[in-house]
Amino acid sequence: PDDIGRLRVLRLTSLYKAEQYQVVASEANLCLEEDRHPRRGIQILYLAWAASRRVGEQEKADTLAARFLKVYPTHSLAADVLYANAMGALAQADYSQAHQILSRIAREFPDSRVGGRVEKLLKRLAPLMTEAQSKQTAQ
């Protein structure tokens, strides 16, 4: 039974690498809705999230990200999901939120593949956080 799940993940991964994001998003979401491959759920959920982001389905991606972080909060792939959330916060100029998320990644996932980028961003955000704290203290 798990062989089918493993094959499904291989197919979705291959399609993702071939930049067939819409197909991945559709098929992965269908697998999740039908709970077809529970032992491969983490991989399918991650691929569904990543593909949804790639095709611009931000609301769906946000829902999948929240689900991923709720179900798999300590899995190493959670660092990628959190990093994407931090980038979204930065894009919205929400530096405090970005700093909070990046700090969590640095603390909980120090060896993640985004670790080096996280440290660089935290260093770049440090002056902004100091400035914001100074303004709060002055008020």
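**Close-up views of helices, loops and core**

**View A. Helix 5 is followed by Ala93, a residue whose phi is positive, near 60 degrees.** The model is predicted, with pLDDT of at least 70 needed for local features and 80 or more for side-chain atom pairs, whereas totals for chains, interfaces and linings use all residues. Residue numbers start from 1 along each chain as its sequence is written, and side-chain values use heavy atoms, without hydrogens or water. Helix 5 (helices are DSSP runs of H or I with at least four residues, numbered from the N terminus) spans residues 78-91. Its 14 residues reach 20 Å from the first C-alpha to the last, close to the expected 20 Å (1.5 Å times one less than the number of residues). Buried residues (under 20% relative accessible area, 1.4 Å probe, protein chains only) of helix 5 are Ala78, Ala79, Asp80, Val81, Leu82, Tyr83, Ala84, Ala86 and Ala89.

**View B. Ala93 lies in the loop that joins helix 5 to helix 6 (95-108).** The phi of Ala93, near 60 degrees, is a positive value in a residue other than glycine. Because its relative accessibility is 44%, Ala93 counts as partly exposed (between the 20% limit for buried and the 50% limit for exposed).

**View C. Glu19 is placed in the loop between helix 1 (2-17) and helix 2 (21-34).** Although Glu19 is not a glycine, its phi is positive, at about 65 degrees. Glu19 has a relative accessible area of 55% and is therefore exposed (over 50%).

**View D. The largest nonpolar core of the model contains 42 residues.** Such a core is a set of buried Ala, Val, Leu, Ile, Met, Phe, Trp, Tyr and Cys residues joined through side-chain atoms within 4.5 Å. Within this core, Trp49, Leu102 and Ile105 have the most contacts. Two or more residues of the core come from each of helix 1, helix 2, helix 3, helix 4 (58-71), helix 5, helix 6 and helix 7 (115-138). Helix 3 supplies the largest share, with 9 residues.

**View E. Leu102 is among the residues with the most contacts inside the largest nonpolar core.** When residues up to four places away in sequence are not counted, Leu102 touches Tyr83, Ala86, Val118, Leu121, Leu122 and Leu125 (contact is heavy atoms within 4.5 Å). Of these partners, Tyr83 and Ala86 are buried residues of helix 5.
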